[in-house]
Amino acid sequence: MNSYMAQRLKEYRRGNEEKGRLLVSCPDQPGIVSAVSAFLFEHGANIIESNQYTTDPEGGRFFLRIEFDCKGIREKKEDLKQAFASIAQTFGMTWSLSLASELKRVAIFVSKELHCLHELIWEWQSGNMMAEIAVVISNHEEAKEVVEPLNIPFHYMKANKDIRAEVERRQLELLERYKIDVIVLARYMQILTSEFVSAHPNRIINIHHSFLPAFIGANPYKRAYERGVKLIGATSHYVTDDLDEGPIIEQDIERVDHRDHAEDLKNIGRTIERSVLARAVKWHLEDRVIVHGNKTIVFN
């Protein structure tokens, strides 16, 4: 990481050193918001943003995201977790508590096409995506000249189905070495094994160059052109064992017509892919996504 970005991240941490984030998912029932609010008040916290959603007013699932300020939260974090555990047990909560100043460490996987990588780096450099880009891993060497001038470690690993198991073993070792929190597949055109995916559940974000569930798999723009579509799009989702069927985080579309050939669709699609992936990654980094089954609740 270059000195400019190191300074920006340092300033961000300093400006958010007292900010916490609480995510909650539980069966809907009376008293949840009251109990959580009272807990935060009793521990000297001030709520600065709160969002909630219920799947069904009668017997549904309740979701909550709260951002709050709390003086000395870094020192209080473990005590807060222990104290909140009893509330979580009472309401049957799945929950997480994180600090805004503890930036997530990101690994970006990329192949030949670099437009999504460029977008992520631009968002990172401009301060719109606060994270530590810890490493870029690629099965091609094109990205090397993009990331190394920024002092981001680059690892080239040739990958194909014949050597996939060995390559993924080395990749998992790298992810552990760099203490990675989230993996971004920025047009990494390789299918991951179930062993790799299970090692990072709901922490691998992919961009699919199609408006899922249409045109799953390879060559979606060619197939979209052959089908004569009038809308094309892109989908960012968490990776699961089912190809291109994981929980969707973000999607977008743009209108096309009969004058657009397959290459035109591809060029238009690249622009959509870039923005869709950047938004999805940003929301994940800001703890705005809760996975529920094969869906997501996104408090954007």
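**Exercise 1. The largest pocket**

Determine which element gives the largest share of the lining of the largest pocket, and describe that lining in this predicted model.

*Solution.* Step 1: the largest share of the lining comes from β4, which supplies five residues. Step 2: the pocket has a volume of about 620 Å³. Step 3: the elements that give two or more residues to its lining are β1 (19-27), β4 (94-99) and β12 (289-292). Step 4: in total, 21 residues line the pocket, and those nearest its centre are Leu 23, Ser 96, His 284, Asp 287 and Val 289. Step 5: sorted by class, the lining comprises nine nonpolar, six polar and six charged residues.

**Exercise 2. The second largest pocket**

State how much space lies in the second largest pocket, and identify the residues closest to its centre.

*Solution.* Step 1: the space in this pocket amounts to about 410 Å³. Step 2: its lining consists of 22 residues, and Gln 190, Ile 191, Asn 206, Leu 243 and Asp 244 are the closest to the centre. Step 3: two or more lining residues are given by each of α7 (194-198) and β9. Step 4: β9 gives the most, with three residues. Step 5: by class, the lining holds 10 nonpolar, eight polar and four charged residues.

**Exercise 3. The seven-stranded sheet**

Give the strand order of the open sheet of seven strands, and explain why one side of β7 and of β11 is left without a neighbour in the sheet.

*Solution.* Step 1: the order is β7-β6-β5-β8-β9-β10-β11, and the pairing is mixed. Step 2: β7 (154-156) and β11 stand at the edges with a single partner strand each, so one side of each has no neighbour in the sheet. Step 3: on average, and with direction ignored, neighbouring strands of this sheet are turned by 15° against each other.

**Exercise 4. Strand β10 and its partners**

Describe how β10 pairs with β9 and with β11, and decide whether β10 is mostly covered or mostly uncovered.

*Solution.* Step 1: strand β9 (residues 204-208) pairs with β10 in the antiparallel sense, over four bridges. Within β10, Thr 235 stands opposite His 208. Step 2: strand β11 (residues 248-255) and β10 are also antiparallel, and seven bridges join them. Here Ala 234 has Asp 252 of β11 as its bridge partner. Step 3: strand β10 (residues 231-238) is mostly covered, since seven of its eight residues are buried. The cut-off for buried is under 20% relative accessible area.

**Exercise 5. Two residues with positive phi**

For Asn 202 and Asp 287, give the phi value and the place in the chain, and classify each residue as buried, partly exposed or exposed.

*Solution.* Step 1: Asn 202 has a phi near 55°, which is positive although the residue is not glycine. Asn 202 sits in the loop between α7 and β9. Step 2: its relative accessibility is 33%, so Asn 202 counts as partly exposed. Step 3: Asp 287 likewise has a positive phi near 55° in a residue other than glycine, and its place is in the loop between α9 and β12. Step 4: with a relative accessible area of 12%, Asp 287 is buried. Asp 287 is also among the residues nearest the centre of the largest pocket.

**Exercise 6. Helices α9, α4 and α6**

Compare the span of α9 with the expected one, establish how many residues of α4 are buried, and locate Leu 172 relative to Glu 11.

*Solution.* Step 1: helix α9 (residues 262-285) has 24 residues and reaches 34 Å from its first C-alpha to its last, close to the 34 Å expected at 1.5 Å a residue. Step 2: helix α4 (residues 115-125) is mostly covered, with eight of its 11 residues buried. Those buried residues are His 115, Cys 116, Leu 117, Glu 119, Leu 120, Ile 121, Glu 123 and Trp 124. Just after α4, Gly 127 takes a positive phi of about 85°. Step 3: Leu 172 belongs to helix α6 (residues 164-177). Its relative accessibility is 26%, so Leu 172 counts as partly exposed. Step 4: from C-alpha to C-alpha, Leu 172 and Glu 11 are 31 Å apart in space, and they are 161 residues apart in sequence.

Notes:
Residues are numbered from 1 along each chain as its sequence is written. This is a predicted model: local features need pLDDT of at least 70, side-chain atom pairs count only at pLDDT 80 or more; totals for chains, interfaces and linings use all residues. Side-chain values use heavy atoms; hydrogens and water are left out. Buried means under 20% relative accessible area, exposed over 50%, partly exposed in between (1.4 Å probe, protein chains only). Two strands pair if DSSP finds at least two bridges between them. The expected span of a helix is 1.5 Å times one less than its number of residues. On a 1 Å grid over the protein atoms alone, a cavity is a set of points where a 1.4 Å probe fits but cannot get out, and a pocket is an open set with protein on both sides within 12 Å along at least five of seven lines; lining residues have an atom within 4 Å of a point. Grid points are joined across faces, edges and corners, and a volume is the space filled by probe spheres set on the points. Ala, Val, Leu, Ile, Met, Phe, Trp, Tyr, Cys and Pro count as nonpolar, Asp, Glu, Lys and Arg as charged, and the others, Gly among them, as polar. Axes are lines fitted to C-alpha atoms, for helices over the stretch in contact, and angles run from 0 to 180 degrees between N-to-C directions.
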